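Here's a quick tour for anyone opening this entry for the first time. Have a look around before reading on.

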Amino acid sequence: MAQRLALPASLDVVIVGAGFGGMYQLHRLRGLGLSARIIEAGTGVGGTWYWNRYPGARCDVESMQYSFGFDEALQQQWRWTERFAPQAEILAYANHVADRFDLRRDIAFETRVTSAVWDAGRAVWTVRTDRGDVIEARFCIMATGCLSAARMPDIPGRDAFQGATYHTGHWPHRKVDFSGQRVAVIGTGSSAIQSIPVIAAEAAEVIVFQRTPNFSVPAHNRPIDTEYERHWKDDYAKKRGEARRMRTGILYELNDQSALVQAEAERRATYERRWQTGSTQFMAAFNDLILHPAANETAAEFVRDKIRGIVKDPKTAEALAPKDHPIGTKRICVDTGYYETFNRDNVRLVNLKETPLDHITAAGVVAGGVEYPVDAIVFATGFDAMTGTLTRIDIRGEGGQSLAEAWQDGPVSYLGLMVAGFPNLFTITGPGSPSVLSNMIVSIEQHVDWITDCLGWLRQQGHASIAAEATAQHDWVVHGMEVANRTLYPQAASWYMGANIPGKPRVFMPYIGGVGVYRDRCAEIAAAGYTGFVTGGPAQGAAAAE
Ligand code: NA7
């Protein structure tokens with residue numbers, strides 16, 4: 001193991017996390033001539049794609065779009081091999097970016113930030129790590145990811161199990177061999193839906209414990225051919241520009257028509273065409289699927305019918321067909337052979353709605369009083385999404401208030417970029433920004449560019465600090481809630497709402513107004529001299545901007 005990078009006692013900027021956000025942020029800050037280091041808990045770069053190594057892990061945004069657009073040579077030279085890149089290829093891309101831009105010399109790996117405390121008098125953050133580092137930095141940029149705090153459910157007896165246990169979000173770095181094994185998978189979110197078909201192809205038996213079924217559409221993944229690659233690369237910059245105007249930051253065919261204006265047969269044909277194309281663009285079949293219950297129901301019923309058509313056992317098919325939430329209000333999954341997997345002899349579904357999960361024993365999982373003996377348990381139980389990665393760090397702003405306290409009734413933020421009371425601390429794709437409702441890399445690039453411009457502006461103006469105003473933050477939070485309440489999203493008990501974590505406040509966390517609209521708002525605010533932000537004092541201290 002190479003020696004860990006020594007961290008200086010004083011810096012302009014500490015960046016937390018070496019995923020795509022942290023890496024691009026470091027690159028941009030170098031361009032600004034600021035001293036910056038990334039502190040990263042893992043042994044390598046990649047963030048989400050470093051941790052989520054479970055079988056079948058794959059991005060649900062097309063590779064040609066789920067990649068950096070800031071550097072023309074990079075986007076022209078990098079070659080994706082599949083329409084939807086597997087985790088290993090995305091991780092290879094992250095490593096390529098780190099090498100290409102010589103980022104590693106400023107990344108301290110295997111180091112976790114434990115606290116960050118604001119000193120208002122000196123306008124510096126004191127950042128501490130689990131290795132005993134103490135660093136003073138003028139700015140702290142949290143590039144900690146939205147889905148990084150993996151969540152193990154508190155199922156009684158969990159620790160008594162004698163076999164192997166895994167969490168999809170913390171998968172081992174070695175190949176896990178399930179051949180000949182009986183495997184329990186707990187959860188049926190995106191991670192489970194991707195991994196179950198792959199595990200089932202290898203294991204002797206797979207028992208899927210489902211509490212709530214999710215809607216999934218086929219990926220129709222395939223190798224990338226030259227024609228498709230050229231279609232993108234011939235005018236990549238233009239296409240990236242168009243994607244940035246889309247509601248989701250993903251370029252795909254829109255249909256500005258209500259689902260309710262078409263006759264049944266025509267509407268089904270529209271859905272069928274989308275189903276055959278595959279991917280999340282299914283939800284763009286009509287313009288009101290996330291707005292009107294009746295419109296949404298037409299799409300939901302189409303997918304339920306597909307499930308009934310694919311899964312041979314009617315009882316299993318019905319259990320897999322979601323009925324408790326409008327389609328798309330929980331993140332729609334994109335799969336390769338998920339529903340077909342339930343036709344295999346070695347796969348069975350345990351419907352926890354009928355037979356609730358009681359406990360775990362040394363030998364297996366007990367549901368509805370029946371013990372299912374297994375050799376391994378895969379917890380595909382998700383994350384403390386959007387806030388968990390931030391609140392597990394002891395972040396203390398003005399007056400010693402912790403971020404966890406500031407967010408005890410749900411996350412509040414101005415633009416998802418800064419939290420009132422926490423000067424000089426930025427959150428890349430924080431709650432209150434499009435983040436998880438968008439192509440993450442598009443949103444990451446926009447936030448990094450905005451933060452970089454802001455730091456450049458502060459230096460130019462001679463300001464030591466910037467903070468969100470409480471009133472501007474309040475207005476943004478209210479606006480975010482209003483926009484969310486115009487949609488069907490708040491109707492689902494989703495992780496967008498914090499509903500998967502017992503006791504977490506039910507607040508719709510991402511901004512659903514759309515990527516294009518949101519970008520314009522951020523740009524207007526910056527152009528008008530950072531309205532809604534308050535700046536303070538002349539720059540001071542050893543690491544002050546030169
Ligand atoms: P998700 O989407 O949060 O899914 C977690 C799943 O685990 C979900 O089906 C849960 O059921 C289930 N779960 C959680 N706790 C339990 C207990 N105690 N018992 C039974 N089942 C449980 O996480 P993923 O990792 O799949 O996906 C997260 C995102 O990553 C995804 O949306 C993509 O954006 C990538 P529930 O619905 O709570 O009834």
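The notes below go through the domains, the ligand and the cysteines.

## Two domains

Keep in mind that this is a predicted model. The protein splits into two domains, and each of them is put together from two stretches of the chain: domain 1 takes in 10–149 and 385–535, while domain 2 takes in 151–214 and 332–382.

How far apart are the centres of domain 1 and domain 2? Taken over C-alpha atoms, the separation is 32 Å. The two domains do touch each other: 15 residues of domain 1 make contact with 17 residues of domain 2.

## Around the ligand

Next up is the ligand, which has 19 residues around it. Thr188, Ser190, Ser191, Arg211 and Thr212 come closest. As for the make-up of this shell, seven of its residues are nonpolar, eight are polar and four are charged.

A few polar contacts are worth finding on screen. On the nitrogen side, a ligand nitrogen sits 3.4 Å from an N or O atom in the side chain of Arg151. On the oxygen side, Gly189 offers a polar backbone atom 3.4 Å from a ligand oxygen, and Trp495 has an N or O atom in its side chain that is 3.4 Å from an oxygen atom of the ligand. On its own, the ligand has 780 Å² of accessible area, and the protein covers 86% of that.

## The cysteines

How many disulfides are there? The count is zero, going by a cut-off of 2.5 Å between cysteine sulfur atoms. Cys333 shows how this plays out: the nearest cysteine sulfur belongs to Cys59 and is 13 Å away, so Cys333 is in no disulfide. Cys333 is also buried, because its relative accessible area is 2%, and buried means under 20%.

Why does Cys454 have no bond to Cys522? The sulfur of Cys522 is the closest cysteine sulfur to that of Cys454, but the two are 11 Å apart, which is too far for a bond. Is Cys454 buried or exposed? Cys454 counts as buried, because its relative accessibility is 0%.

Conventions: Residues are numbered from 1 along each chain as its sequence is written. This is a predicted model: local features need pLDDT of at least 70, side-chain atom pairs count only at pLDDT 80 or more; totals for chains, interfaces and linings use all residues. Side-chain values use heavy atoms; hydrogens and water are left out. A residue is near a molecule or strand if one of its heavy atoms lies within 4 Å of it. A polar contact is a pair of N or O atoms within 3.5 Å; within protein, one must be able to donate a hydrogen and the other to accept it, and residues adjacent in sequence count only if both atoms are side-chain atoms. Accessible areas come from the Shrake-Rupley method with a 1.4 Å probe; for residues, only the protein chains shown count as cover. Ala, Val, Leu, Ile, Met, Phe, Trp, Tyr, Cys and Pro count as nonpolar, Asp, Glu, Lys and Arg as charged, and the others, Gly among them, as polar. Buried means under 20% relative accessible area, exposed over 50%, partly exposed in between (1.4 Å probe, protein chains only). Domain bounds come from an automatic or database domain assignment. Contact means heavy atoms within 4.5 Å.
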